[in-house]
Amino acid sequence: MACAAARSPADQDRFICIYPAYLNNKKTIAEGRRIPISKAVENPTATEIQDVCSAVGLNAFLEKNKMYSREWNRDAQYRGRVRVQLKQEDGSLCLVQFPSRKSVMLYAAEMIPKLKTRTQKTGGSDQTLQQGEGSKKGKGKKKK
């Protein structure tokens with residue numbers, strides 16, 4: 001087996017891995033969060049991370065069936081990992097604004113709340129909450 005230094009930085013197995021748990025503000029550092037909680041996002045998905053990275057011009061691809069080892073929940077929502085290319089064949093950075101894996105994670109966490117899917121979801125959930133509150137008639141104890 002060849003050592004890591006002998007392989008090209010452009011090989012797909014040399015791309016960095018980003019799991020949704022790294023950016024999740026519901027997780028503790030022990031559970032796998034890798035950025036400050038103030039900058040983290042609520043329950044990000046691997047698809048959202050891939051969308052953000054691809055939109056900025058990074059070479060990113062999604063591995064849907066991969067799971068983070070510290071993730072105990074096996075739901076489809078928590079599955080997936082994104083592989084992102086940081087360095088080119090000659091070892092130079094793909095994009096100068098992303099010199100490290102942490103810079104990519106912080107950028108993704110900053111941009112995920114601005115995605116159209118996120119902004120539409122919050123608008124729709126407010127209406128369902130208001131409808132649910134009005135339908136609580138007759139919920140009480142019977143008096144003897």
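**Salt bridges, core and aromatic cluster**

The side chains of R83 and E63 meet in a salt bridge, with 3.9 Å from N to O. This pair links distant parts of the chain, since R83 belongs to strand β3 and E63 to strand β2, 20 residues apart. The model is a predicted one, and every value given here was computed from it. E63 also meets a second arginine: its side chain and that of R81 form a salt bridge at 2.4 Å, N to O. Because E63 lies in strand β2 and R81 in strand β3, the pair ties together parts that are 18 residues apart in sequence. E63, R81 and R83 are thus linked in a network of salt bridges.

Are the members of this network buried or exposed? E63 and R81 are both buried. E63 has a relative accessibility of 18%, which is under the 20% limit, so E63 counts as buried. R83, with a relative accessible area of 10%, is buried as well. In general, side chains of opposite charge can pair when their charged atoms come close.

How many salt bridges does a search of the whole structure find? The total is five. One of them joins the side chains of K26 and E42, at 4.0 Å from N to O. K26 and E42 both lie in the loop between β1 and α1, so the pair ties together parts of that loop that are 16 residues apart in sequence. K26 has a relative accessible area of 52% and is therefore exposed, the limit being over 50%. E42, at 45% relative accessibility, counts as partly exposed. The setting of this bridge can be read against that of the network: K26 is exposed, whereas E63 and R81 are buried.

The strands and loops named so far belong to a chain with three helices and three strands. From the N terminus on, these elements run β-α-β-β-α-α. The chain has 144 residues, of which 33% are buried. Among contacts with a separation of 6 or more, 59% are between residues 24 or more positions apart. The chain exposes about 9,700 Å², and carbon and sulfur atoms supply 51% of that area.

Next comes the interior. The largest nonpolar core has 28 residues, and the members that touch the most others are I18, L23, V84 and V104. β1, α1, β3 (81-84) and α2 each supply at least two residues of this core. The element that gives the most to the core is α2, with five residues.

Which residues of helix α2, spanning residues 101-111, are buried? They are S103, V104, M105, Y107, A108 and A109. Some of these positions are three or four places apart, which can be read with the geometry of a helix in mind. An α-helix has 3.6 residues a turn, so residues three or four places apart point the same way. The cover over the buried residues of α2 includes β1 (16-18) and α1 (46-56).

L23 shows how one core residue meets its surroundings. Leaving aside neighbours within four places in sequence, L23 is in contact with I35, A40, V41, P44, I49, M105, A108, A109 and I112. Of these partners, M105, A108 and A109 are among the buried residues of α2.

The aromatic residues make a further set of links. The structure holds five aromatic pairs. One of them is Y19 with Y68: the ring centres are 5.0 Å apart and the planes stand at 40 degrees, so the pair is tilted. Y19 sits in the loop between β1 and α1, and Y68 in the loop between β2 (60-63) and β3, so that the pair links parts of the chain 49 residues apart. Y19 is buried, at a relative accessible area of 11%, and Y68 is buried too, at 7% relative accessibility. Together with Y22, Y19 and Y68 form one aromatic cluster. R34 lies over the face of Y22, at 4.1 Å from the ring centre.

A last long-range link involves the segment before β1, where D11 lies. D11 and Q88 are 77 residues apart in sequence, and 9.1 Å separates their C-alpha atoms in space. D11 counts as partly exposed, at 30% relative accessibility.

Note on methods
Residues numbered from 1 in each chain as written. Predicted model: local features only at pLDDT ≥ 70, side-chain atom pairs only at ≥ 80, totals over all residues. Heavy atoms only, no water. Buried < 20%, exposed > 50% of the residue type's maximum accessible area, 1.4 Å probe, protein only. Helix = DSSP H or I, 4+ residues; strand = E, 2+ residues; numbered from the N terminus. Contact = heavy atoms within 4.5 Å. Areas by Shrake-Rupley, 256 points an atom, 1.4 Å probe, with all protein chains shown as cover. Core = buried A, V, L, I, M, F, W, Y, C linked by side-chain atoms within 4.5 Å. Phe/Tyr/Trp six-rings, centres within 6.5 Å; stacked < 30°, edge-to-face > 60°. Lys NZ or Arg CZ within 6 Å of the ring centre and 35° of its normal.
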